Amino acid sequence: MPSEHPEAEIWLGAHPADPAHLTGEGEERSLLDAIDECPSRELGTTISQKYAGRLPFLLKLLAAEEPLSLQAHPSAHQAKEGYAREEARRVPIDSPIRNYRDDSHKPELIVALTEFHALAGFRSPKYTVEFIDALGVDALSGYRSLLADQPDDAGLRTVFTSWITLPGPALDALLPLVADGCVRYLSTTAHQDGGRFVAEARTLLELGESYPGDAGVLAALLLNRVTLTPGQGLYLDAGNLHAYLSGTGVEIMANSDNVLRGGLTPKHVDVPELLRVLDFEPADVSILEPDVDTAGVPVVYRTPASEFALSRSMLADGSSVTLDSAGPQIVLCTGGRVALAADTDSAGGGGVELVLERGTAAWVSASDPVITAIARWGDAEIFAATVGATSG
């Protein structure tokens, strides 16, 4: 449940660690309890059977005022193996050194509501070599040569492993030199190369201020620096090392809490396990633009994940959109105010309507009628989270 204070994220789903709560008709109960009571009613028979009575996705409203931790998520195979291993070792599920709190993978999609900044995936070593050259930090020359001679996943693995395992004194000596290089670049060199690395240099300085002495600051040298404009999305599959830097967005993921941290956090960092799950293959980031179908139909963000799908509807004043799904939905209002109308006349119950204010959400079970969202009080924006189309 939301508190009275600013929060970095609000979970909307049925994860056991923090399930959403349903309110109405004078009572309140968790969505997890409602689904456990009758999975076929809430999820539909097919989805309930496929996902063992669990809602397979988790929706979040994310607001990063400062950088969040550097992290990656395991594949399905890695999650099952890691969970079984920690269960066999009897590591308490709430232990701070526990890596696998369930046996599920965690693909995820973030869609920007404001300008959104992130680090995501290992970029081309060639670009990193050029960035290191621009910084002019002699202490990085050995790493620079290694990447230049081996510009592939093996070279990236070697450099990343070296940095994340640096002893404290060596790290404390290197990080200020990198910061000095960033300041020097921004003040003297940036105008000479058209400011190619301005965003990267500023990010390193900001991370160094927020997380002094943290090896994750060095890791940022190796990662793609991404800026999303409102409405753009970023899909992150297993093994993708990433960190959300700043901005507000809607995030949807498989219903899992499996996180392997790599820095920018005071929490536990299990280096061997992190190295086991990371994908070091360098790649450019693909910004996800929503597929636009026809007028009056939500625009959909298409990903390979079967556990979830996400759509966005921008509603002009007086317009409406039908949110038709064969399974359950979570509808989140992110702008303006909308009425959710369910026509139950055919069942003899009359019309049912619920008003969603900005920042509020509604649960629509698989057994509920088709929902229409109507903007009656000015322009509005909503997101609808559903189970992926490949779920049958």
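# Getting to know a predicted model

Trainee: Where should we start: is glutamate 108 buried or exposed?
Mentor: Glutamate 108 has a relative accessibility of 2%. The cut-off for burial is under 20% relative accessible area. Glutamate 108 therefore counts as buried. Keep in mind that this is a predicted model.

Trainee: Which strand holds glutamate 108?
Mentor: Glutamate 108 sits in a strand that covers residues 108-112. That strand is S6.

Trainee: Which residues is glutamate 108 in contact with, leaving aside its neighbours within four places in sequence?
Mentor: Let's set those sequence neighbours aside and go through the list in order. It begins with His73, Leu234, Tyr235 and Leu236. Glutamate 108 is also in contact with His242, Tyr244, Glu251, Ile252, Met253 and Phe308.

Trainee: What separation do the C-alpha atoms of glutamate 108 and alanine 305 have?
Mentor: Along the chain, glutamate 108 and alanine 305 are 197 residues apart. In space, their C-alpha atoms are separated by 8.2 Å.

Trainee: Let's turn to helix H5. Which of its residues are buried?
Mentor: Helix H5 runs over residues 125-135. Its buried residues include Pro125, Thr128 and Val129. The others named are Phe131, Ile132, Ala134 and Leu135.

Trainee: Which helices do the buried residues of H5 pack against?
Mentor: Follow the chain onward and you can pick out the partners. Two of them are helix H6 (141-149) and helix H7 (153-164). The buried residues of H5 also pack against helix H8 (168-189) and helix H9 (198-210).

Trainee: Which residue follows H5?
Mentor: Look at the backbone just past the helix. The residue there has a positive phi, near 65 degrees. It is glycine 136.

Trainee: Why are lysine 126 and glutamate 130 separated by about one helical turn?
Mentor: Lysine 126 forms a salt bridge with glutamate 130, and their closest N and O atoms are 2.8 Å apart. Lysine 126 is exposed at 55% relative accessibility, while glutamate 130 is partly exposed at 24%. The spacing is about one helical turn because the two are four residues apart in helix H5.

Trainee: Which arginine meets glutamate 130 in a salt bridge?
Mentor: The N to O distance in this pair is 2.7 Å, and the glutamate's partner is arginine 196. The pair links distant parts of the chain, 66 residues apart, with glutamate 130 in helix H5 and its partner in the loop between H8 and H9. That partner is partly exposed, with a relative accessible area of 40%. Its name, once more, is arginine 196.

Trainee: Which residues do salt bridges that share partners join into one network?
Mentor: Sharing of partners is what ties the network together. Its members are Arg29, Glu37, Arg41 and Glu42.

Trainee: How many salt bridges does a search of the whole structure find?
Mentor: One of the pairs to look at is glutamate 81 with arginine 85, whose closest N and O atoms are 2.7 Å apart. These two are four residues apart in helix H4 (residues 76-88). Glutamate 81 is partly exposed at 37% relative accessible area, and so is arginine 85 at 24%. Searching the whole structure gives a total of 15.

Trainee: Is arginine 225 buried, partly exposed or exposed?
Mentor: Arginine 225 lies in strand S8 (residues 223-228). Among its contacts outside the neighbours within four places in sequence are His117, Ala199, Glu200 and Leu245. At 23% relative accessibility, arginine 225 counts as partly exposed.

Trainee: Why is the protein said to be as compact as a globular protein of that length?
Mentor: The protein has 11 helices and 20 strands. Its radius of gyration is 23 Å, and the globule rule gives 21 Å for 392 residues. The two values are close, so the protein is as compact as a globular protein of that length.

Trainee: What percentage of the contacts with a separation of 6 or more comes from residues 24 or more positions apart?
Mentor: For a view of the whole protein, note that 50% of its 392 residues count as buried. Among contacts with a separation of 6 or more, the share from residues 24 or more positions apart is 76%.

Methods:
Residues are numbered from 1 along each chain as its sequence is written. This is a predicted model: local features need pLDDT of at least 70, side-chain atom pairs count only at pLDDT 80 or more; totals for chains, interfaces and linings use all residues. Side-chain values use heavy atoms; hydrogens and water are left out. Buried means under 20% relative accessible area, exposed over 50%, partly exposed in between (1.4 Å probe, protein chains only). Contact means heavy atoms within 4.5 Å. The radius of gyration is taken over C-alpha atoms; the globule rule is 2.2 Å times the number of residues to the power 0.38. A salt bridge is a side-chain nitrogen of Lys or Arg within 4 Å of a carboxyl oxygen of Asp or Glu.
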